[in-house]
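Thanks for coming. I will go through one structure today, starting from the ligand and working outwards.

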Amino acid sequence: MLRIDVLTLFPRMLDGFLAESILGKGIAAQHLAVSVHDLRAWSTDKHRTADDRPFGGGAGMVLKPEPVFAAIEQLQSPGCCRIYLTPDGTPLSPTLAHDFSKQQHLIFLSGHYEGIDQRIRDGVIDQEVSIGDYVLTNGTLAAAVVIDALARFIPGVLGEEKSLTHESFTNKLLDFPQYTRPAEFRGMSVPEILLSGNHAEIEKWRHARQVEKTRLVRPDLLK
Ligand code: ADE
């Protein structure tokens, strides 16, 4: 079973995320185990300080090395992967999420948006990951995004294995449109072909919609 530890200054941000939906079921079924830790538990002063002002000046606060080193050194296991969430990291991709899902033990470190002491990156981080070219207030939601994306690749987490293969990005095309009942809703009807029962024609139609949508929204994927 994949073990995941998350280190954050805002542990409660993940409460709902871990309890709900497919991820909650995956955890209940012991396909993965996720523990969320408050970094302040490893701070040593009476104010439970985990951050401080940057040397050299500048706005904001920087995560201090001592509590992070202590936390990671306590939690790490041989061969585990220690990941720091940051906008200047390697962009998350389906391949990276799939690679993470094959690991035994992952530790996610969520920092302040202003940054963390460089010695943390140099000393106790193996990989830096970004979830996109925008800046969040802290990396906790980014950790949640990576965990969600990798959990889908763990066998058993998605009920139907098949649902993995037909989705956006597995074949570098965006999804086709989906419809469910009713066949007619407020004057909008479901495309005739989907009601025909002709599976070969439906596959052809879906593929054509995928190419059309990809060309419109993400032409870069077709290159
Ligand atoms: N922390 C703040 N912004 C982030 C981003 N885009 N990706 C990963 N971690 C972050």
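I will cover the ligand site, then the sheet behind it, then the domains and two backbone details.

First, a caution: this is a predicted model.

Let me begin with the ligand. The residues around it come from several stretches of the chain. Leu 85, Thr 86 and Pro 87 are among them, as are Val 129, Ser 130, Ile 131 and Gly 132. The shell also includes Tyr 134, Val 135, Leu 136, Gly 139 and Ala 142. Sorted by class, that makes eight nonpolar residues, four polar ones and no charged ones.

Which backbone atoms come up against ligand nitrogen? There are three cases to mention. A polar backbone atom of Thr 86 is 3.1 Å from a nitrogen atom of the ligand. For Ile 131, a backbone N or O atom lies 3.0 Å from a ligand nitrogen. For Gly 132, the distance from a polar backbone atom to a nitrogen of the ligand is 3.1 Å. As for burial, the ligand on its own exposes 260 Å², and the protein buries 98% of that.

Now the secondary structure. Strand S5, residues 81-91, and strand S7, residues 127-130, each supply at least two residues of the ligand shell. S5 gives the most, with three residues.

Those two strands also pair with each other. The pairing of S5 and S7 is parallel and runs over five bridges. One specific pair to look at is Ile 83, whose bridge partner in S7 is Gln 127.

Both strands belong to an open sheet of five, in the order S2-S1-S6-S5-S7, with parallel pairing. Its edge strands are S2, residues 32-38, and S7, each pairing on one side only. On average, neighbouring strands in this sheet are turned by 30° against each other, with direction ignored.

Next, the overall layout. The domain assignment splits the protein chain into domain 1, residues 2-151, and domain 2, residues 166-222. Their C-alpha centres lie 37 Å apart.

Finally, the backbone. Most residues other than glycine have a negative phi, and most peptide bonds are trans. Two places here depart from that. Ser 21 is not a glycine, yet its phi is positive, at about 60°. Ser 21 lies in helix H2, residues 21-28. The other place is the peptide bond joining Arg 181 and Pro 182, which is cis, with omega about 5°. Pro 182 sits in the loop between helix H7, residues 162-165, and strand S8, residues 184-185.

That is what I have for today.

Note on methods: Residues numbered from 1 in each chain as written. Predicted model: local features only at pLDDT ≥ 70, side-chain atom pairs only at ≥ 80, totals over all residues. Heavy atoms only, no water. Near = heavy atom within 4 Å. Polar contact = N/O pair within 3.5 Å; in protein donor to acceptor, adjacent residues only side chain to side chain. Areas by Shrake-Rupley, 256 points an atom, 1.4 Å probe, with all protein chains shown as cover. Helix = DSSP H or I, 4+ residues; strand = E, 2+ residues; numbered from the N terminus. Nonpolar A, V, L, I, M, F, W, Y, C, P; charged D, E, K, R; others polar. Domains from an automatic or database assignment. Pairing = 2+ DSSP bridges. Axes fitted to C-alpha atoms, helices over the stretch in contact; angles between N-to-C directions.
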